[in-house]
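User: Could you walk me through how to read a structure like this one, feature by feature? I'd like the general idea and then the case at hand.

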Amino acid sequence: MISNKYKILVIEDESNIKNLLKALLETSGYQVITAKSCQSGQTQFISHRPDLVILDLGLPDFDGMTFLKEIRKESLTPVIIVSARSEDKDKVDALDFGANDYITKPFSSAELVARVRSALRNSRHSADEGRLPGGKFESDGLVIDYDARRVFIDKKEINLTQTEYNIIALLSEYSGRVMTYAAIIKAIWGYVDINSTKKLQVNMANIRKKFGAKPGEKNYIVNELGVGYRMCERNE
Ligand code: CA
């Protein structure tokens, strides 16, 4: 049968979770292939060339990170980590090794499907070069004009420093996905030192203030504690 559905490879050894993911994704209109180990995941990846991979980190043969490192040598296929491990270190490592997003078990169906959509959309965007400078970013009341390097909220201009603007522009290019502190710092300052995280936090606090954020409110940017920052997708 010929199908033009997006193909998703689910690598997960726990049968109940694997079946749940498969049913959920198929209901949402995706074609699903599954694997129970790192090695069979690699075989499936090569033969099916999926559009996206959902990857468990705790697998019976090798760590899921092994799979990630292996496919990142030759492929930019989006990978979403689904892991029971709640330690921040694993998430940060996975993101720094090229995972696009992570979701911690137990997760809600709606959340998982939203993350899958967002990862597929982002990979399409980069393939279309749709987010290169020249365009505009819009999310609810927030508008970023990349050419003019200006930012507006509800049509009112927000005065940002160069660094603040660079951070916002960077996060917007990857909107919907988490960028780790280290990845942001490297992109903005080019190097990491002991003061980097503090420097980033101070800038983020200033941006939030200028955006008129109230404590506890999302206001376009979410701080994923211990991991990094994420700019919200439109209407999220
Ligand atoms: Ca597992």
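Analyst: Here is a short tour of the metal site, the salt bridges, the cysteines and the cores. Keep in mind that this is a predicted model.

User: Let's start with the metal. Which protein atoms are the donors of the calcium ion?

Analyst: The idea is to look for N, O and S atoms around the metal, with a limit of 3.2 Å for Ca. Here the protein donors are D13 (OD), D56 (OD) and G58 (O), at 2.2 to 2.4 Å from the calcium ion. Water is not among the atoms, so the site may look incomplete.

User: How are the donor residues of the calcium ion spaced in sequence?

Analyst: The pattern is D-x42-D-x1-G. D13 sits in the loop between β1 (7–11) and α1 (15–27), while D56 is in strand β3, so the pair ties together parts that are 43 residues apart in sequence.

User: Are D13 and D56 buried or exposed?

Analyst: Buried means under 20% relative accessible area, and exposed means over 50%. D56 has 4%, so D56 is buried. D13 has 26%, so D13 is partly exposed.

User: On to charges. How many salt bridges does a search of the whole structure find?

Analyst: You look for a Lys or Arg side-chain nitrogen within 4 Å of an Asp or Glu carboxyl oxygen. That search turns up 12 salt bridges. One of them brings back a calcium donor: D56 pairs with K105, their closest N and O atoms being 3.5 Å apart. Since D56 lies in strand β3 (residues 52–56) and K105 in the loop between β5 (101–104) and α5 (109–128), this pair ties together parts 49 residues apart in sequence. Both D56 and K105 are buried.

User: Which residues are linked with D56 and K105 in a network of salt bridges?

Analyst: E12 and E14 are linked with D56 and K105 in that network.

User: What about R115, which residue does it form a salt bridge with?

Analyst: R115 pairs with D101, and the closest N and O atoms are 3.0 Å apart. The link joins distant parts of the chain, R115 being in helix α5 and D101 in strand β5, 14 residues apart. R115 has a relative accessibility of 13%, so R115 counts as buried, and D101 is buried too, because its value is 2%.

User: And how far apart are the closest N and O atoms of R150 and E157?

Analyst: They are 2.7 Å apart in that salt bridge. With 38% relative accessible area, R150 is partly exposed, and E157 is partly exposed at 31%.

User: Now the cysteines. How many disulfides does the count come to?

Analyst: The test is whether two cysteine sulfur atoms lie within 2.5 Å. Here the count is zero. As for burial, C38 is buried at 1% relative accessibility, and C232 is buried at 6%.

User: Last stop, the largest nonpolar core. Which of its residues touch the most other members?

Analyst: For a core, follow buried nonpolar residues joined through their side chains. This one has 27 residues, and L171, L200, F211 and I221 touch the most other members. Elements that each supply at least two residues include β7 (142–145), α7 (181–189) and α8 (196–210). The largest share, six residues, comes from α6. Leaving aside neighbours within four places in sequence, L171 is in contact with M179, I184, M204, I221, Y229 and M231. Apart from this core lies another of 22 residues, among them I33, L55, M65 and I71.

Technical notes
Residues are numbered from 1 along each chain as its sequence is written. This is a predicted model: local features need pLDDT of at least 70, side-chain atom pairs count only at pLDDT 80 or more; totals for chains, interfaces and linings use all residues. Side-chain values use heavy atoms; hydrogens and water are left out. Buried means under 20% relative accessible area, exposed over 50%, partly exposed in between (1.4 Å probe, protein chains only). Helices (H or I, at least four residues) and strands (E, at least two) are DSSP runs, numbered from the N terminus. Donors are N, O and S atoms within 2.8 Å of the metal (3.2 Å for Na, K and Ca); water is not among the atoms, so sites may look incomplete. A nonpolar core is a set of buried Ala, Val, Leu, Ile, Met, Phe, Trp, Tyr and Cys residues joined through side-chain atoms within 4.5 Å. Contact means heavy atoms within 4.5 Å.
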